[in-house]
Each structure stands twice: as C-alpha cells, then as structure tokens.
Amino acid sequence: MSSLRTKGKEMRDIYLNEIILKGFYSDRMLVALLPALSLVTVIHAQLCQPGAKDAFKVRLSLKTALGDKAYTWNENEEYLFKAMVAFSIRTFSSREKIEISNVLLCNVTKRVSFWFVVTDPSENQTVPAGEVQGAIRMNRNRINNAFILNDQTLEFLEIPATLGPPTEPSTPIWVIIFSVVFCLVIVGIVLLIVSGIRQRRRKSKASTEMTDVEDKCETMVTIENGIPCDTLDSKEGRTNRAFAAGDEKLTPL
Amino acid sequence: MLIRKIKLQIKNISVTPSNQLARASANPFLVRSAGPQGLCRGHFPRKPCWSCPCRSWFWPLYHFSAGGGFLIPYIIMLVVEGMPLLYLELAVGQRMRQGSIGAWNTISPYLRGVGIASVVVSFFLSMYYNVINAWAFWYLFHSFQDPLPWSSCPLNSNLTSYDEECEKASSTQYFWYRKTLNISPSIEENGGIQWEQALCLILAWLVVYLCILRGTESTGKVVYVTASLPYCVLIIYLVRGLTLHGAINGLAYMFTPKIEQLANPQTWINAATQIFFSLGLGFGSLIAFASYNEPSNNCQKHAIIVSLINSSTSIFASIVTFSIYGFKATFNYENCINKVILLLTNTFDLEDGFLTPGNLEETKDYLASAYPTEYSKIFPDIKNCSLESELDTAVQGTGLSFIVYTEAIKNMEVSQLWSVLYFVMLLMLGIGSMLGNTAAILTPLTDSNTISSRLPKEAISGLVCLISCAIGLVFTMEAGNYWFDIFNDYAATLSLLLIVLVETIAICYVYGLKRFENDLQVMTGCKPNWYWKIIWAFVSPLLIIGLFIFYLTDYILKGTLQYQAWDATQGQLVTRDYPNYALAVIGLLVASSTMCIPLVALGTFIMNRWKKGKTVSV
C-alpha cells in the first residue's frame, strides 16, 4: 500500500510538473489522470493547498539574485528543496522518520513560487506550523546557501528571518577619535597660552631694562618735531586733527 | 637707542597696507590711528578674498529650496544688489578710513547704531553657527567605521526586522533625527542635553579658541588653510560627482528655469539674502577691511572682481551639489521603480525578470484590465515614481548638508573616504566662518581700553568662547534643533536687510550722493558712472523695501509663524505653529539688532539736547 502510495505520489508530482510547465488552469490534464490514483491525489491535494493548514508559501527570485547565472527551477531543484526541509525538521525536532517524500510541494508558478507542507507518516498528519517555522529559522542560512540565494531572494512568507545585528566594538570608534582630537586641541591651547605668558614676561623684563637705560640718558633727545616722544607711546597714538572729520552733524544735500 | 625707537615709530606710522593684517572680519570700533599698535598687526593678503570663500559656499549647501532655476534670480540679484552694495561699502570704508562704527559716526552721529547693530548680529551668528561645526565633527568621527552607521537601519528588539521609525523614514534621516539630534516631536518638549552633542560643541569651541587665541595674527594664518583646502576637496568632488550615474539629471534640473518659481517672490528674497550673506554685506567687516586700503585703490574694480569670484565659487559649488543631488534622486527613483516591479511580480506571480522599467507601464495597464479585483487591492501601494518629484523634494537648511550628502555618499564606493573628505571640507568652511564672526566681536573688546587693560587678550577670547558655548548648549537639547532653526531664520535676515537699507539711504541722502561721488573722484580718480548712482539712489532701497513689505505681508497673511517638526511615528516632517514664548524669542532677536539703530539715534539726539542745554545755561 505504501509503495503504491509513493508511486502514486511520484506520478502525481510528475504530472503536476507537466501541468505547471505548460501553463495555468489546465483542468483537462487533471481529468486525464488515472482514476486509480485520484484518491491518493485528492488526499495529497487537500494537504497541500494554498492557504492549507500548516502550509507555507515560498518565493524565489532567481534572476534578481543571480542574473545571467540563474539556474532553471526544475524537479531536481525541488528535490533539493524537499531534502533541505526534511533535514531542517530532522535536526530541529527529533522526528527521525521524516523522509524527502514527506515534504509536499504544490502550485509551482513561473514566479517561481510554491506552497509546501510537511507530513509526518507515523502520526499520519501534517507537522505543526510552529515546528516547521522554528526548523526553517534555525537552518535558514544553510538553506539559503544551498540555493546560492539570500533572505530577500528566497522568501518564506510568514517565516521572518532573523537578521544579524551589526557587530559593535566595546568602545565606539567615534569616542576614540574624539578623545584623540580633544587631547591634541587641549595640548595646543596650553602650549599657546604658556608661550604667550612667557613672551609677555620677556617683554616686560626687556622694557624694564630699557627704561633703566633710558633713565640714564633722559636729558637727551626727548623731543622730536616739537612733539614729546612719551605721548607717542600711548596705545592709541595721536589723532591728527587736520584729518578729523569735524563736528558735522548733518550734511546738506 | 631712543633715536632708533623714534625712527621705528615714524616708520610704523607710514607703513603700507601690504604689511597689515588679514583681519577676517569686522572691527567696528577701530579708529584708524597713528599709533604703532594700531597698524602693525601682521600680514594681509592683497586680494580681498577674506571672508568670501567661507560664506559663499554655505549657500548652495544650505538653501536648496529654490530648487532648479535658481541661477536667474541669483545672477540678477548679484548684479542689481550685490555688486553695487559691495562697491558702496568698500568705498565708504576707503573714504572714511575707519571701522564700521567710526565710519557711520563720521557721516552722522545719529547713525552710530548701524555699526552697533552689525556687532549684535555677529554675536547672534557666532552663538548658533558653531553648532553646525559640532555636527560636522560628530559625522566626521562616525565616518571611520565600516559600514557607515547611516547606511543601514538598526534592528528592532526581537531582531526580526528593522526599527520602525527607520523603515518609515530612510536610514540617513533616522541617523540625523534620532542618533544625532535625538529630536523631540515639538519645540515645547525640551528634553535633556545630549551629552554627545554637548561634547562635540565643546570641542568645536575649543578649536575656535585655539585659532583666535593669539589674536588676529594667528587668525590670518588659519584663514589661509581654511580658505584653500575646501577648493581642493571641491575639485575632487566635482570630478567624482560628474562621473556618478544620474548626475546629468541633477545638472539639467539646475539649469532649467521654472517659470512658476520665478513668479514666487520667496525665491527672489532667498536670492537677495543669500547674496548679502555670502558677500558679507551689512556685517561691518567690509568697511573695516576697506579702511586699510590705500585711498587711491580702485575699489570699483575690487568690488566687481570680488563679487565675480564669489559668485563663480557659489556656482561651482552648486554644480557639485546638484550633480550629487541628481545621483541621489536617480538612485531613489530607480529603487522606487524596482519596488513597484517587485510588488506586481509577487502579487500576480509573474516570471521573475519579466517586468522591466521599460515595459512597466503597459504591463500595469494590461494587469489592471485583466485582473481588476486583485489590481484594485494593491493599487494604493503602487507609488507613482517620478524623477521630477525626487528632484523637487527640497530639503532646507542644515538638513540638506547632512541628509542629502550622506545619502549620496553611502551609495558611492569607498564611502568612508568620501565621507571624511566631505566633512573635513564642511569643518574648514564652518571654522573659517566662525573665525570671522568671533573676530567681529573680539576686536571691539580688545580695542576698548577699559577691558583690555584689565584682562589679557587670551582671557577675553576665552570668556567670549565660554559664554557662547554655554548659550550654545541650548541647541544640544532634544528640542535644540527647533531653536537653532529660529536663530537661523530670524537672527540675521531681517536685520541685515535693514542695516543695508539704512546704509544706502545714509550715503545717498544724508551724506549726499554728489559729495560721495566727488570724494570718490578725488580718491580714486574716476567717477562712478550713472549705473551705480541709479542703483544706489533708487533701485536698491526700493528693492529692499519691497522685500520688507513682502516679509510683513507674508507674516500677516499666515497669521502665525510655523516650523517643521519631526514626527517619529510617521517618519516625516510635519508643520506646527510656534508657541507664544517662541514667538517672543523671535521678536526679541529681530528687535535687539534692528532697534539699535533708532535707539542710538534717539540717545544721541537726547545727549545733544542735554549738552546744548548745559552750554546755553553756562
């Protein structure tokens, strides 16, 4: 009975693939199937349907991911997919009896997208959705790599991928650079202030020396052009009255 | 020894301007005197390129709202307003041979307030301007990571998808609004001081202090670096920008004039204020600067050369800006199209790669007709992608430099290098402008005897930096960016217009246009021709009065002033009204600089009456 079932399944798969490759909605193909297998087909079709219980939709974008190197999606690729799902279930929950044939695919479109469901032969029902979800999430990386795709191009709808957080060093880099620049600037300021103070001390020392020398020859030339030299030392200098603008308040037009 | 000292003094009195200082900006209080200290201050570049590189660049990086076709208002405003007013200020400085306050005092003692208003405006400017440098430092320090932190969104708490706010906005907007500013939803919610921003602000002020510490001699040397380095970086960016995919779209957008925008007076106002800002009109720096020129200097030629250099630098910078903007817009447009293609492919299970941008439209029509129910379900999600609308998304103000450029940079190869280059250039420009502003505040303080006799100039500079930094910490709060926008929009614009208006009227009608003309002929040997005279006497004042009227009517019509607030739940900017206290602050800002002019005039009038009364009674 089980061998008949497997053979029936295989035949159904083959026939379904033919249907999909030729186009949508080919009811006549289904009608042409052997009636002996129709019972088996119906049961499996009930298990694997768009929106069925514990079924998930998968979407692949091969051309977007791989461009010219995109492979065609055929039954061999589907076989690999079934194998990866079976592997995930086996490693996640310890259901050792899961075989590749327990993973059912249906409604393969040109997109490429399809629905899959996992059955458990020992319990004769589908593996619950939560388990399938957990299994896929755990092994998502390996499934992606098997198909040379990534999270965006191999999508399991309703199974969110765990995104890898970016690595952050223990001290943020900006703090390091900030501290370096800060220290350099502080050092520069301190150097300039210190050298400024030193310069001023030197100047005041030099000017006291000069005034000592001046005291000795004070009676010498202190007047030049009628202007006493001391006044020229004042900070603002002397304004030359000839050039002053005068007290004009308002100038007539 | 004494004779040598005297000879030195006489030599100093007649020293030529070529030995003198590159004062980056105003010294309104400086009276040109015969004292040695007043003259020997360092070295001075003959070509007057002092503040123009720094200010003339910010405007294309900044004010983008005019969008394409800004060239026409800009060039017209330059020829009609910029050049004549620049000539006027240079001529005034050269003729009066005094700083800003002294020069206006000479023309009429009632007009001393004009110089004081310039100092007040410079003070406000320096308070808020350094925050931009703080942000530039922040981005610069974050540019040394791989990948750049603004290139991808952070994950949400259960690691299944990206952070919600980041998904709704973009990763660069998220980095700016959340990571950098940590902005609050409105100006009322103040929040606390962000310590990271506060640290960057303190660092920025320390750098400024380092440059102005020794006074204006050290400033002159720094200005050489801060003025020349951005040119190098800009050339590198020009080559990179023009080779980017989609740069042509940006350039085409820049050069096509838009009639409806030319009809909008706001465009002309923006162009006028940008000309004033980038040429440095109304700050008093030009007058002080020109006062060091020789009397026979041909200031007309100077004015034309300076404004041409300034505007060509601006146009050069905007070519770079628009080519990068075109790249960003094209990238976003192509992303948008790809998203629509993906949506249609997934909904209708079409073959992957079947839909291309070429056949998208016809396929959409076919699908709409063939499967109307499913199409109508997804119809709200199908966005109409348009390159024009991407180019039109005008981002104003500081957001432009930080959001648009970072978005473009993250898509380039070797993005860390471009990011570092860009923010170093931004820092150079910002620090150069800050040096000018602080020099405008410091020179009156260091020249006045009461303060400088008690404190050394390092202490005065330190005090000014400390006070400005303390006030600037307000801008590092969560609502700080809203206060920044207030200062940015209102601190300088109206006051500058008023100052320039009063200057033109003072020269033409108070001092006398004929007298001014004769002075210029005596000084330089050539009379200003009819073009300049007409513009000084009629066109400029009328234009500025027109701008004022527009501002007022705009305010009265709108009823209240509004601002753009970031809404984290929506991931975009929303418009809100200013609360009353914010309006009061705006009023105070505008009033404190503009009221200087009438108040000082009134004060002088009262003093004169009192003096007359005294002399009469005596």
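In the predicted model, Phe276(B) has a relative accessibility of 1% and therefore counts as buried, the cut-off being under 20%. The residue belongs to helix α13 of chain B, which spans residues 265-279. With residues up to four places away in sequence left out, Phe276(B) touches Glu81(B), Leu85(B), Leu281(B), Leu496(B), Leu497(B), Val500(B) and Ile544(B). One of these partners, Val500(B), is 224 residues away along the chain, yet the C-alpha atoms of Phe276(B) and Val500(B) are separated by 8.8 Å.

Burial was also examined in helix α11 of chain B, residues 247-255. The buried positions in this helix are Ala247(B), Gly250(B), Leu251(B), Tyr253(B) and Met254(B). These residues lie on the same side of α11(B), because the arc they cover around the axis is only 160 degrees. The spacing fits the helical repeat: an α-helix has 3.6 residues a turn, so residues three or four places apart point the same way.

Helix packing in chain B is illustrated by α6 (residues 112-142) and α27 (residues 596-617), whose axes are 8 Å apart and form an angle of about 140 degrees. Angles over 145 degrees would count as roughly antiparallel and those from 65 to 115 degrees as roughly perpendicular; α6(B) and α27(B) are therefore oblique to each other. The crossing of the two helices, α6(B) and α27(B), is right-handed. On the α6(B) side, the contact is made by Arg112(B), Gly113(B), Val114(B), Ile116(B), Ala117(B) and Val120(B). Helix α27(B) contributes Cys596(B), Ile597(B), Val600(B) and Thr604(B). Sorted by class, the residues in the contact of α6(B) with α27(B) are 7 nonpolar, 2 polar and 1 charged.

Backbone geometry was considered next. In chain A, the peptide bond from Arg111(A) to Val112(A) is cis, with omega near 15 degrees. Val112(A) is placed in the loop between β2 (103-106) and β3 (113-120) of chain A. In chain B, a cis peptide bond with omega of about 0 degrees joins Asp146(B) and Pro147(B). The loop that holds Pro147(B) runs between α6 and α7 (164-168) of chain B.

Positive phi values occur at two aspartates, one in each of chains A and B. For Asp54(A), a residue other than glycine, phi is near 65 degrees. Asp54(A) sits in the loop between α3 (35-47) and β1 (56-60) of chain A, and its relative accessibility of 13% makes it count as buried. For Asp349(B), also not a glycine, phi is about 50 degrees. The loop containing Asp349(B) connects α15 (299-348) and α16 (360-370) of chain B. With a relative accessibility of 15%, Asp349(B) likewise counts as buried.

In chain A, Asn144(A) is found in helix α7, residues 140-146. Its relative accessible area is 5%, which means that Asn144(A) is buried. Apart from neighbours within four places in sequence, Asn144(A) is in contact with Leu149(A), Asn150(A), Asp151(A) and Leu154(A).

Definitions and conventions: Residues are numbered from 1 along each chain as its sequence is written. Chains are lettered from A and ligands numbered from 1 in the order in which they are written. This is a predicted model: local features need pLDDT of at least 70, side-chain atom pairs count only at pLDDT 80 or more; totals for chains, interfaces and linings use all residues. Side-chain values use heavy atoms; hydrogens and water are left out. Buried means under 20% relative accessible area, exposed over 50%, partly exposed in between (1.4 Å probe, protein chains only). Helices (H or I, at least four residues) and strands (E, at least two) are DSSP runs, numbered from the N terminus. The arc is that of the directions from the helix axis to the C-beta atoms. Axes are lines fitted to C-alpha atoms, for helices over the stretch in contact, and angles run from 0 to 180 degrees between N-to-C directions. Angles under 35 degrees count as roughly parallel, over 145 as roughly antiparallel, 65 to 115 as roughly perpendicular and the rest as oblique. A crossing is left-handed if the near helix is turned anticlockwise from the far one by less than a right angle, and right-handed if clockwise. Contact means heavy atoms within 4.5 Å. Ala, Val, Leu, Ile, Met, Phe, Trp, Tyr, Cys and Pro count as nonpolar, Asp, Glu, Lys and Arg as charged, and the others, Gly among them, as polar.
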